[in-house]
Amino acid sequence: MSSRHEILQQFLGAYVLGAVDGARRRQIDAHLEECAACTTEARDLEEARALLPQPPEPSPELWQRIVEEVRHHNEAQEEATG
Ligand SMILES: [Zn+2]
């Protein structure tokens with residue numbers, strides 16, 4: 001069984017990198033307000049990002065992988081929930 005929590009949790013990494021937009025980002029924003037676990041995880045991810053020695057500028061290849069992963073999850077969720 002796949003809850004909204006489990007689905008949105010997969011996007012937190014992309015979310016803190018600013019790679020999630022639009023409706024998905026609003027879903028995550030709303031979920032973070034009601035989910036302490038995701039709030040904590042997002043904060044940890046942001047702290048980890050802040051500790052990086054350089055601003056996160058993923059290579060085009062890495063961005064492509066992130067984008068494809070997000071797209072894959074989007075399609076999976078849209079099929080599942082409409
Ligand atoms: Zn959650």
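Leaving aside neighbours within four places in sequence, which residues is Val16 in contact with? Here are some close-ups of this predicted model to help you find out.

**View 1. Val16 and its contacts.** Once the neighbours within four places in sequence are set aside, Val16 is in contact with Ala42, Leu45, Glu46 and Arg49. Val16 also belongs to the largest nonpolar core, and so does Ala42. For another pair to look at, take Val16 and Arg43: they sit 27 residues apart along the chain, and 8.6 Å separates their C-alpha atoms.

**View 2. The largest nonpolar core.** Ten residues make up this core: Leu8, Phe11, Leu12, Ala14, Tyr15, Val16, Val20, Ile28, Cys38 and Ala42. Two elements, α2 (12-16) and α4 (36-51), each give two or more residues to it. The biggest giver is α2, with four residues.

**View 3. Arg43 on helix α4.** Look along α4 and you'll come to Arg43. Is Arg43 buried, exposed or partly exposed? There are 13 other C-beta atoms within 10 Å, so Arg43 counts as partly exposed.

**View 4. Glu6 on helix α1.** Helix α1 covers residues 4-9, and Glu6 is part of it. With 9 other C-beta atoms within 10 Å, Glu6 is exposed, because the cut-off for that is 12 or fewer. Cys38 is worth finding in this view too: it lies 32 residues from Glu6 along the chain, with 9.5 Å between the two C-alpha atoms. Cys38 is one of the residues of the largest nonpolar core.

**View 5. Helix α3 from end to end.** This helix runs over residues 22-34, which makes 13 residues. From its first C-alpha to its last it reaches 19 Å, close to the 18 Å expected at 1.5 Å a residue. How many of the residues of α3 are buried? Just one of the 13 is, so α3 lies largely in the open. Ile28, a member of the largest nonpolar core, can be picked out here. Among the elements of the protein, α3 has the highest mean pLDDT, at 95.

**View 6. Helix α5 and the rest of the protein.** Helix α5 takes in residues 60-81 and has the lowest mean pLDDT among the elements, at 73. Over the protein the average pLDDT is 83, and 82% of the residues score at least 70. Stepping back, you can count five helices and zero strands, in the pattern α-α-α-α-α along the sequence. Of the 82 residues, 12% count as buried. Among contacts between residues at least 6 apart in sequence, 64% join residues at least 24 apart.

Terms used: Residues are numbered from 1 along each chain as its sequence is written. This is a predicted model: local features need pLDDT of at least 70, side-chain atom pairs count only at pLDDT 80 or more; totals for chains, interfaces and linings use all residues. A nonpolar core is a set of buried Ala, Val, Leu, Ile, Met, Phe, Trp, Tyr and Cys residues joined through C-beta atoms within 7 Å. A residue is buried if 20 or more other C-beta atoms lie within 10 Å of its own, exposed if 12 or fewer, and partly exposed in between; C-beta atoms are placed from the backbone. Two residues are in contact if their C-beta atoms, placed from the backbone, lie within 7 Å. The expected span of a helix is 1.5 Å times one less than its number of residues. pLDDT is the predictor's confidence in each residue, from 0 to 100.
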